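This report describes selected features of a protein model. Please examine the sequence and the structure before reading on.

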Amino acid sequence: MKLGPVELPALAVPRLGLAAFRRRAVVHLAFLLLALATVGLVLTVLIDQKQRAYQRYAQGFRQSLAEIVLQLRHPSGQLALLNPTMGVGDRDGQAPVLLPFSAIDFDDQNKAQRAVEMAGCGLRWPDGASLCAAVGANAYAGGFLYLVGSLESGPLAGREHGALDLSGVHRARVTLKLRGGTQTWIAPFEGTAAADGTQRGRLTGFLGAGPQLPGKARPVREFRGWLWREGPCAEGSSGPDCARRTFYSIRLPVEAFQDALFDDAGHRARPVWPPADLDQMRVRVELLGPSEPIAPTELPAAASESMHASVIAPPRQAPTPAPAPILFDSAKPGASLALSLDRIGASLQPGETLRIERLGKQATTIAERRGPELSERALPWLIHVMRRLPVQGEVLGVGADTDATEIRWLTASDDVATPSGRYRLDLRGDLRSLDRQLALEARPLAWLAAAMLAAVALAWLMVELGLIRGIAVLTKRAAAVSYNMQDARADQRIGELDVADLRGRDELGILAGSLADALTRVKDGLRREQLRAEREREMWHAVGHEIMSPLQSLMVLHGAGDDPSHRYVQRMQQAVKVLYGSAPPSEALASADLHTEALDLAAFCREVAANAHYAGIDGVTFATELPEPQPVHAEAYALEDAVTHVLRNADRYRPEGTPIAITLEAGEPGFVLLRIRNQGPHIDAAMLDQIFEYGVSDTAPQVNGERRGQGLFVAKTYLAKMDGSIRAFNVPEGVVFEMSLRRAAA
């Protein structure tokens, strides 16, 4: 037997106090404290890391400035200060630099070499050659240009005293471009060779480019130069003619510098030093080797030794020397500076700025260097966190950036004195860059903290969804049942408690499963009890309904007031009305047993039509074209009850005074059709099948129990038990109910 649901009102849920959720609150608080402890631990580590980093940075900040100042106080650093635009030059040569010394002792190889190396003014080439072109820091030292350098070369061919042809000797050629003019000197080597292969001699300077000197050429008086070839053989060579390191030192007189020392009257003037156009000057140094002579016919194809040279051509019939091989040219590319002001800030940290000013009547910024940018970008939220962490100690400077937001920086300054003046160094460190760098370093710790918090959240979620939530749901449902036990139907309230959705394999699931099984058995018992009561009520109503139909006929037959049976029939009808009233007879009719037999359907219908007025239904007619008799399988009383219910339904909806026609027609083979037709409104097409269901009616139940939507249900049930059927359909002027009955043997 299928049990139907128990319909109960929804349970009212009581308002539970804090004590009912105390353990749940304790569990949640424990997880919250664990998460806060994790965050607190990470913040503590980050604060300590930031504090140490700030302390290290503050110490390193001042030490960094001290190292820069110490570097700039060295002659090489002072050279960078004095020549902020110092570069490697171009194809016209190199711009002279201002030395931190008054002059160079060019006559002494060791002193000249030490001064150049100490100042770091030399250019370096990949082949090992070097050159320093500079002027002294004191204009009154003579206004000379110093050229000091070195290269590797083989044995040097010197000039004999008085020789005018320089094509067969080693020589230096110096070209100076100054203030729109160009001046060239040629300086042949004059020296001797020692037994060990070393050479030493002087470079005698003449005006012109060579290689042929004029007949009355005289050396430039102030031009002084020396050349030394000594030391061990270069790597990869050996023997007395091997390549050795060759060092040269030249003092070149510059007339423009010397003229600036005196005014028009010949008095000593106070010159502007260094010259304002020093960086516009270009000096080119070339070391040339001996050249081989060629025939006169080849003279037109020969190029001059330099585009700056003033060549004095020999007689056409004399052999013309070939272009001299260039051992060194300061205009060739590939040179690099030993030290420049650009390298001063190489050790700056991200966010640091170094500004160098030349002090005087008005401070002038000669250089500003910034530290490198961070190669990686930190997480913005992590930078914000690092910036908000507190740090003990004072900040040396506070300012505002372009966004008008507060920033913090460290500042420090120092002075450097040079022969040409004083320079101030201001170093500033932006602590925001330090925060970004700390954020980069703290990124692994942040990911670890995020993983720990995720683990805590996952554990809380598992406990909340897997245990705490189930306990809370079970508590609320049990509390709701307990709260509603004061209801009049409290014995059925247990049916509202359902914990089957909490089943599982864990402890709570097993407990909920056991409780759900017990509740299921209780609910089944409640359903059986309710169904038993429903069946009893429906049985009584079914009996009352079947008795009411013949009683109504009896009331018509014995309706006279002087009929003794009238009183007893009325009492019987009243007693049935007491039992009949509130429930359908569906279960009683379904369990009823009918004993069918051969019934003459034509005689039966004729009799029903003739007696219909006794049931209060007038105007019922019968007609058939079928031969009589028409035997069918039926039970007379049940079939009469079914036909009477259909007639009552037709009587209820037909217009007053219209007839109800009963006809017999042949149906499918083996069946006879009993049709009851009345005039009146059509039945809705969607309701043609539903009107035979129990309780379906378009009118409310009457006080006497009629019109409860069960008459057609009784007709359908009885016909089904007699192996028949019933259906309804609309016709143009009304409705037809058609009953199909199986034929019986004659």
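## The nonpolar cores

Which residues have the most contacts inside the largest nonpolar core? In this predicted model, they are Leu147, Tyr248, Ile356 and Leu425, and the core itself has 92 residues. Helix 1, which covers residues 22-73, gives the most to this core, with 11 residues.

Ile356 illustrates how such a residue is surrounded. Leaving aside residues up to four places away in sequence, Ile356 touches Leu72, Leu81, Leu341, Thr364, Thr365, Ile366, Ala367, Tyr423, Arg424 and Leu425. A second core, separate from the largest one, has 43 residues; among them are Ala609, Val632, Leu664 and Val735.

## The five-stranded sheet

The model also contains an open sheet of 5 strands, arranged in the order 22-24-25-27-26 with mixed pairing. Strand 22 (620-624) and strand 26 (725-731) each have a single partner strand, so one side of each is left without a neighbour in the sheet. From one strand to the next, the twist averages 20°.

Strands of a sheet pair through backbone hydrogen bonds, and the pairing may be parallel or antiparallel. Strand 25 (residues 671-679) and strand 27 (residues 734-742) run antiparallel and are joined by 9 bridges. Gln679, for example, has Gly734 in strand 27 as its bridge partner.

## A helix packed on the sheet

Helix 11, formed by residues 601-611, packs on the sheet. This helix touches strand 22, strand 24 (660-666), strand 25 and strand 27. The direction of helix 11 makes about 160° with that of strand 22.

Key: Residues are numbered from 1 along each chain as its sequence is written. This is a predicted model: local features need pLDDT of at least 70, side-chain atom pairs count only at pLDDT 80 or more; totals for chains, interfaces and linings use all residues. Side-chain values use heavy atoms; hydrogens and water are left out. Two strands pair if DSSP finds at least two bridges between them. Helices (H or I, at least four residues) and strands (E, at least two) are DSSP runs, numbered from the N terminus. Axes are lines fitted to C-alpha atoms, for helices over the stretch in contact, and angles run from 0 to 180 degrees between N-to-C directions. Contact means heavy atoms within 4.5 Å. A nonpolar core is a set of buried Ala, Val, Leu, Ile, Met, Phe, Trp, Tyr and Cys residues joined through side-chain atoms within 4.5 Å. Buried means under 20% relative accessible area, exposed over 50%, partly exposed in between (1.4 Å probe, protein chains only).
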